[in-house]
Each structure stands twice: as structure tokens, then as C-alpha cells.
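The following exercises are to be solved with the sequence and the model at hand. Each task is followed by a worked solution.

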Amino acid sequence: MGVDTDTDADGTYCETPGPIAPVPPGGAADGPPYAECVLCREPTEYLESTKGATLCPVCAWQEAGRTACSG
């Protein structure tokens, strides 16, 4: 008797989730002025008043890849 590993009971096994966007610490900015990325100086999704090091989506993705565990 085989077990069907292609789907869960609700049929969502291996379903790709939608895009996951990080929520900025200060909240998502509705409009300008946006903070600059600390690495490339491109506009970010954060308000200028957001505290801490702000990264644009590209630099955040690259930083996550650099710091990811390779194990």
C-alpha cells in the first residue's frame, strides 16, 4: 500500500507561496521621502525616519544570501 506524497489532505503540498515582503521596522512607507540603501544608495521601501541600517530589496536579498547557512 503506497502513500501519496504529492499532496496533503487539503491538496496544498509543495504549493508555492506568494511573495513574502519583509515588513519595515517603522512600517511600510506610503510615499516619499524614502530612506537610502546604506550599501547602494538606491531608494528603499522604508521612510527616511526609519532607524537602523536600511537596505533596498536587492541588497537585502544579496545580504541574506551572503549570511545564509551553507550547511
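**Exercise 1: Salt bridges**

Determine how many salt bridges a search of the whole structure finds, and characterise the partners.

Solution. The structure is a predicted model. A search of the whole structure yields two salt bridges.

Step 1. One of them pairs Glu-36 with Arg-41, whose closest N and O atoms lie 3.2 Å apart; the cut-off for such a pair is 4 Å.

Step 2. Residues over 50% relative accessible area are classed as exposed, and those from 20% to 50% as partly exposed. Glu-36, at 42% relative accessibility, is therefore partly exposed. Arg-41 reaches 59% and so counts as exposed.

Step 3. Arg-66 forms a salt bridge with Glu-63, with 2.7 Å between the closest N and O atoms. Because these two residues are three apart in helix α1 (residues 57-67), about one helical turn separates them.

Step 4. Arg-66 is exposed at 53% relative accessibility, whereas Glu-63 is partly exposed at 30%.

**Exercise 2: Architecture and surface**

State in which order the elements of the protein run from the N terminus on, and describe burial, contacts and exposed area.

Solution.

Step 1. The protein contains one helix and two strands, arranged as β-β-α from the N terminus.

Step 2. Of the 71 residues, 15% are buried.

Step 3. Among contacts between residues at least 6 apart in sequence, 6% link residues at least 24 apart.

Step 4. The exposed area is about 5,900 Å², of which carbon and sulfur atoms supply 57%.

Key
Residues are numbered from 1 along each chain as its sequence is written. This is a predicted model: local features need pLDDT of at least 70, side-chain atom pairs count only at pLDDT 80 or more; totals for chains, interfaces and linings use all residues. Side-chain values use heavy atoms; hydrogens and water are left out. A salt bridge is a side-chain nitrogen of Lys or Arg within 4 Å of a carboxyl oxygen of Asp or Glu. Buried means under 20% relative accessible area, exposed over 50%, partly exposed in between (1.4 Å probe, protein chains only). Helices (H or I, at least four residues) and strands (E, at least two) are DSSP runs, numbered from the N terminus. Contact means heavy atoms within 4.5 Å. Accessible areas come from the Shrake-Rupley method with a 1.4 Å probe; for residues, only the protein chains shown count as cover.
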